[in-house]
Amino acid sequence: MKEVLILTGVKEASVLKKLQQDFYPEVTYWAGDSSNKLSEFVLFAEGYEKEGIYICENFG
């Protein structure tokens, strides 16, 4: 199981589109423009400030 946090920007939009179009049953993804907003739902999201893609795998 993998959780993917996507803080959206121009580069990240293509990855988000790919995740939405294809089927990845082992991936849970969260996307937004602010880690502060996402941290209400995703505890590990707090503190990420820079646009990018962050992957949490095996609770690590």
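Is Ser35 buried or exposed in this model? I looked this up before anything else, and Ser35 counts as buried because its relative accessibility is 2%, where buried means under 20% relative accessible area, exposed means over 50%, and partly exposed lies in between, with a 1.4 Å probe and protein chains only.

**Ground rules.** I noted that the model is predicted, that local features need pLDDT of at least 70 and side-chain atom pairs count only at pLDDT 80 or more, while totals for chains, interfaces and linings use all residues. Residues are numbered from 1 along each chain as its sequence is written, and side-chain values use heavy atoms, with hydrogens and water left out.

**Ser35 and Ser34.** I placed Ser35 in helix α2, where helices (H or I, at least four residues) and strands (E, at least two) are DSSP runs numbered from the N terminus. A polar atom of the Ser35 side chain lies 2.4 Å from the backbone oxygen of Tyr48, which I entered as a polar contact, that is, a pair of N or O atoms within 3.5 Å, where within protein one must be able to donate a hydrogen and the other to accept it, and residues adjacent in sequence count only if both atoms are side-chain atoms. I then turned to Ser34, in the loop between β2 (27-32) and α2 (35-38), and found that its side chain reaches the backbone nitrogen of Asn36 at 3.2 Å. Ser34 also counts as buried, because its relative accessibility is 18%.

**Contacts and cores.** Setting aside neighbours within four places in sequence, I listed Leu7, Ala45, Gly47, Tyr48 and Glu49 as the residues in contact with Ser35, contact meaning heavy atoms within 4.5 Å. Leu7 and Ala45 also belong to the largest nonpolar core, whose 6 residues include Leu5, Leu38, Val42 and Tyr54 as well; such a core is a set of buried Ala, Val, Leu, Ile, Met, Phe, Trp, Tyr and Cys residues joined through side-chain atoms within 4.5 Å. I also recorded a second, separate core of 5 residues, with Val4, Leu16, Leu19 and Val27 among them.

**Away from the cores.** I looked up Ile55 in strand β3 (residues 52-57) and wrote it down as exposed, because its relative accessible area is 59%. In helix α1 (residues 10-21) I found Lys18, which counts as partly exposed because its relative accessibility is 45%. Finally, I checked the C-alpha atoms of Lys18 and Ser39, which are separated by 23 Å, with the two residues 21 residues apart along the chain.
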